[in-house]
Amino acid sequence: MPLTPAPPITTLPGENKKNIYIIGPRASGKTTFLGALLSITNYSKNKSHTGKVTVDTRGATRQLESTVRDSWETKRPLEPTMFDGSLQDYEFSITINPKSRPTEIKLNAKDYAGEFFQELRRTDLSRQIKPYLLDCLTNANGWIVLLPDFCLEDRGNEFSIVEDIDGFYRSVFHKLLSEFPKDDDIFSLDELTKIESNLRKIRIAFVMSKCERGELWTRRWEPERDLFQVHLSNTRKFLRENLSLRKNQIDFFALSSFGVLPQNDPRPNRLNLGKNLQDGAMIEETGQWRPFGLVNPLYWIATGKRWKDPSF
């Protein structure tokens, strides 16, 4: 007797899918993460255990999948997401264990430009950023917040590394999750009510990205303790101890969209495109792709549980 897939676990009353927003600073790997996620079906076929994953795409998401494939084949970096007042929705579904107790996660992902993250430090909000912020705080069922342990700041077409990165991240989340949701100079009372209601149920996955780097790769199994506590201790403490969010609304993850080369050559599977961080990077050996942590934050947002195999 064939197995009947269970209904999508992310379907809510009156909703067809989860809204998952991808946010983070510039050069944190947001679009690369989405692209890697869309490429995971073939990689999953080579896994020895039963936890297979398939991804079904459509519309703009299919175009993104094609763009990523072309980028990897030609060794040309993906174009950065533009901060132009619009957001592209990427609709897709992920099915885990399609032949055995299928679990389907339907997603409507939005890839926020890194400038949105940088602008959150401002004391005033332009007309351009308020719609982003309101959408993020009222319509999202979950956020994936990608944080490298460095951050590039745009200063007149030149990039520099933010020196106190821990303090920078802490101040951003204080504004985003503590100050803005109470600011009646920015939002109407009706908007503030909607924000408060949504923040009581949203799940936020804080993800240390680019963990193929040597100093991060070996610590990926216990990301809260071995990555966030070590590299971003003040940020982690604020998120755990100074937010009104419940403990089960936030969690910490590790991610590498590129992964490392095989065990006999465990270098990052990453081709740096220049001498500086802002020059970007590209996967080096597509035939030896071993990503880490792509599905786990999505699965946690959808179910409140960690997937048994966090390795991809």
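Two strands count as paired if DSSP finds at least two bridges between them. The structure treated here is a predicted model.

**Exercise 1. Strand pairing around S5**

Task: Determine how many bridges join S5 to S8, and in which direction the two strands run.

Solution.
- Step 1. The pairing criterion is at least two bridges.
- Step 2. Six bridges join S5 to S8, and these strands run parallel. One position in this pairing is Leu 147, which stands opposite Met 208 in S8.
- Step 3. S5 also pairs with strand S1 (residues 18-23), through four bridges and again in parallel. Here Ile 22 is found opposite Ile 144 of S5.
- Step 4. S8 (residues 203-208) is in turn joined to S9 by five bridges, with the two strands parallel. Ile 204 has Ile 250 of S9 as its bridge partner.

**Exercise 2. Burial of two strands and a helix**

Task: State which residues of S5 point one way, which point the other way, and whether they are buried or exposed.

Solution.
- Step 1. The cut-off for a buried residue is under 20% relative accessible area.
- Step 2. Gly 142, Ile 144 and Leu 146 point to one side of S5, Trp 143, Val 145 and Leu 147 point to the other, and all are buried. For S5 (residues 142-147) the count is six of six residues buried, and the strand is mostly covered.
- Step 3. S9 (residues 250-254) has five of its five residues buried, so this strand is largely enclosed by the rest of the structure. Ile 250, Phe 252 and Ala 254 cover one side, Asp 251 and Phe 253 the other, and all are buried.
- Step 4. Helix H5 (residues 129-138) is mostly covered, with seven of its ten residues buried. Among them are Tyr 132, Leu 133, Asp 135 and Cys 136.
- Step 5. For the chain as a whole, buried residues make up 51% of the 312 residues.

**Exercise 3. Packing of H6 against H10**

Task: Classify the arrangement of H6 and H10 as roughly parallel or roughly perpendicular.

Solution.
- Step 1. Two packed helices are described by the angle between their axes and the distance between the axes.
- Step 2. The axes of H6 (residues 165-179) and H10 (residues 233-241) come within 7 Å and cross at roughly 20°.
- Step 3. Angles under 35 degrees count as roughly parallel. H6 and H10 are therefore roughly parallel to each other.
- Step 4. The crossing of H6 past H10 is right-handed.
- Step 5. From H6, Asp 166, Tyr 169, Arg 170, Phe 173, His 174 and Ser 178 meet Ser 233, Asn 234, Thr 235, Phe 238 and Leu 239 of H10. By class, this contact of H6 with H10 holds four nonpolar, five polar and two charged residues.

**Exercise 4. Packing of H9 against H10**

Task: Repeat the classification for H9 and H10, and give the classes of the residues in their contact.

Solution.
- Step 1. The axes of H9 (residues 223-231) and H10 come within 4 Å and cross at roughly 110°.
- Step 2. The range from 65 to 115 degrees counts as roughly perpendicular. H9 and H10 are therefore roughly perpendicular to each other.
- Step 3. Glu 224, Phe 228, Gln 229 and His 231 of H9 meet Ser 233, Arg 236 and Arg 240 of H10. The contact of H9 with H10 divides into one nonpolar, three polar and three charged residues.

Definitions and conventions
Residues are numbered from 1 along each chain as its sequence is written. This is a predicted model: local features need pLDDT of at least 70, side-chain atom pairs count only at pLDDT 80 or more; totals for chains, interfaces and linings use all residues. Side-chain values use heavy atoms; hydrogens and water are left out. Axes are lines fitted to C-alpha atoms, for helices over the stretch in contact, and angles run from 0 to 180 degrees between N-to-C directions. Angles under 35 degrees count as roughly parallel, over 145 as roughly antiparallel, 65 to 115 as roughly perpendicular and the rest as oblique. A crossing is left-handed if the near helix is turned anticlockwise from the far one by less than a right angle, and right-handed if clockwise. Contact means heavy atoms within 4.5 Å. Ala, Val, Leu, Ile, Met, Phe, Trp, Tyr, Cys and Pro count as nonpolar, Asp, Glu, Lys and Arg as charged, and the others, Gly among them, as polar. Buried means under 20% relative accessible area, exposed over 50%, partly exposed in between (1.4 Å probe, protein chains only).
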